[in-house]
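Here are some exercises to work through with the model open beside you. Try each task before reading its solution.

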Amino acid sequence: MSAPLVVFAVGNPSRGDDAIGPVICGRLAQWLENEGLADQVDLIEDFQLNVEHAIDLQGRGLALFVDAGENTPAPFIFEPISPSTASSHTTHALPPQAVLQVYRQMEGREPPPAFVLCVRGDSFDLGDVLTPAAALRIDAALHLLHRLCRHPDRPSWLALATQERAAAR
């Protein structure tokens with residue numbers, strides 16, 4: 001049985017700030033366990049998104065894609081996304097919108113409501129370590145993630161996305 005919320009954490013821990021997704025995934029897993037919410041969220045960590053991730057959307061009420069982004073406004077962007085073949089803010093070849101599009105084509109219906117949390121990264125070279133600035137942005141992103149996991153419904157998430165956009169201005 002699938003949890004109602006799936007979180008995809010994308011990134012390569014060997015590439016500096018590209019580790020943002022995996023670091024968030026590990027810290028979120030611990031927090032969910034401590035809060036008694038682990039059965040409500042499935043965490044999927046991978047180096048990059050693939051078409052096969054569309055299968056992981058089956059039976060979900062919400063989906064969240066967490067990744068690092070170059071030139072992303074600091075500390076992060078949090079916004080709803082829709083199926084598309086267009087590019088995204090992340091540094092990976094297959095953007096979350098494309099995974100949603102694969103689901104739409106595969107299932108013949110709309111995917112669950114989906115959002116992206118793209119945390120700004122600055123250093124992505126092989127062998128780099130997580131930068132101090134990225135560590136601070138991870139803390140900010142986790143604060144938002146805690147709120148999202150406590151209220152896993154589309155209206156609450158849309159309201160938080162609107163608040164985050166207003167705060168960024």
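The exercises below concern a predicted model, and each one comes with a worked solution.

**Exercise 1. Helix α1 against helix α3**

Task: Find the angle and the axis distance between α1 and α3, classify the packing, and list the residues in contact.

Solution. Two packed helices are described by the angle between their axes and the distance between the axes. Start with the ranges: α1 covers residues 20-35 and α3 covers residues 132-150. The two helices pack at an angle of about 40 degrees, and their axes are 10 Å apart. An angle under 35 degrees would count as roughly parallel, and 65 to 115 as roughly perpendicular. The α1/α3 pair is therefore oblique. For handedness, the crossing of α1 and α3 is right-handed. On the α1 side, the contact is made by Ile20, Val23, Ile24, Arg27, Leu28, Trp31, Leu32 and Glu35. On the α3 side, the partners are Ala134, Ile138, Asp139, Ala141, Leu142, Leu145, His146, Cys149 and Arg150.

Now zoom in on one of these residues, Val23, which lies in helix α1. Val23 and Ile138 are 115 residues apart in sequence, yet their C-alpha atoms are 8.0 Å apart. Not counting residues up to four places away in sequence, Val23 touches Leu130 and Ile138. With a relative accessibility of 28%, Val23 counts as partly exposed.

**Exercise 2. Helix α3 against helix α4**

Task: Repeat the analysis for α3 and α4.

Solution. Helix α4 spans residues 154-168. It packs with α3 at an angle of about 155 degrees, with the axes 10 Å apart. The cut-off for roughly antiparallel is over 145 degrees, so α3 and α4 are roughly antiparallel to each other. The crossing of α3 past α4 is right-handed. The contact involves Leu144, Arg147 and Leu148 of α3, together with Trp157, Leu160, Gln163 and Glu164 of α4.

Next, look at Ala161, which also lies in helix α4. Is Ala161 buried or exposed? Its relative accessible area is 0%, so Ala161 is buried. Beyond its neighbours within four places in sequence, Ala161 is in contact with Phe78, Glu79 and Pro80. The C-alpha atoms of Ala161 and Leu117 are separated by 9.8 Å, with these positions 44 residues apart along the chain count.

**Exercise 3. Cysteines and disulfides**

Task: Count the disulfides, then explain the result for Cys118 and Cys149.

Solution. A search of the whole structure gives 0 disulfides. A pair of cysteine sulfur atoms would have to be within 2.5 Å. For Cys118, the closest cysteine sulfur is in Cys25, 16 Å away, which is too far for a bond. For Cys149, the closest cysteine sulfur is also in Cys25, at 11 Å, and again too far for a bond. As for accessibility, Cys118 is buried at 0%, and Cys149 counts as buried at 8%.

**Exercise 4. Backbone geometry between β3 and β4**

Task: Describe the backbone at Asn71 and at the Ala74-Pro75 peptide bond.

Solution. Begin with the background: most residues other than glycine have a negative phi, and most peptide bonds are trans. Asn71 is not a glycine, yet has a positive phi of about 60 degrees. Asn71 is found in the loop between β3 and β4, and at 70% relative accessibility it counts as exposed. Pro75 is found in the loop between β3 and β4 too. A cis peptide bond joins Ala74 and Pro75, with omega about 0 degrees.

**Exercise 5. Two loop residues**

Task: Place Arg60 and Ser82, and state which residues they contact.

Solution. Arg60 sits in the loop between β2 (41-46) and β3 (62-70). Its relative accessible area is 13%; since the limit for buried is under 20%, Arg60 is buried. The Arg60 side chain reaches the backbone oxygen of Ala3 at 2.9 Å. Setting aside neighbours within four places in sequence, Arg60 is in contact with Ser2, Ala3, Pro4, Leu5, Val6, Asp42 and Pro112.

Ser82 lies in the loop between β4 (76-81) and α2 (96-107). At a relative accessible area of 48%, Ser82 is partly exposed. With neighbours within four places in sequence left aside, Ser82 is in contact with Gln97 and Leu100. Finally, Ser82 and Pro95 are 13 residues apart along the chain, and their C-alpha atoms are separated by 11 Å.

Methods. Residues numbered from 1 in each chain as written. Predicted model: local features only at pLDDT ≥ 70, side-chain atom pairs only at ≥ 80, totals over all residues. Heavy atoms only, no water. Helix = DSSP H or I, 4+ residues; strand = E, 2+ residues; numbered from the N terminus. Buried < 20%, exposed > 50% of the residue type's maximum accessible area, 1.4 Å probe, protein only. Contact = heavy atoms within 4.5 Å. Polar contact = N/O pair within 3.5 Å; in protein donor to acceptor, adjacent residues only side chain to side chain. Axes fitted to C-alpha atoms, helices over the stretch in contact; angles between N-to-C directions. Left-handed = near helix turned anticlockwise from the far one by under 90°.
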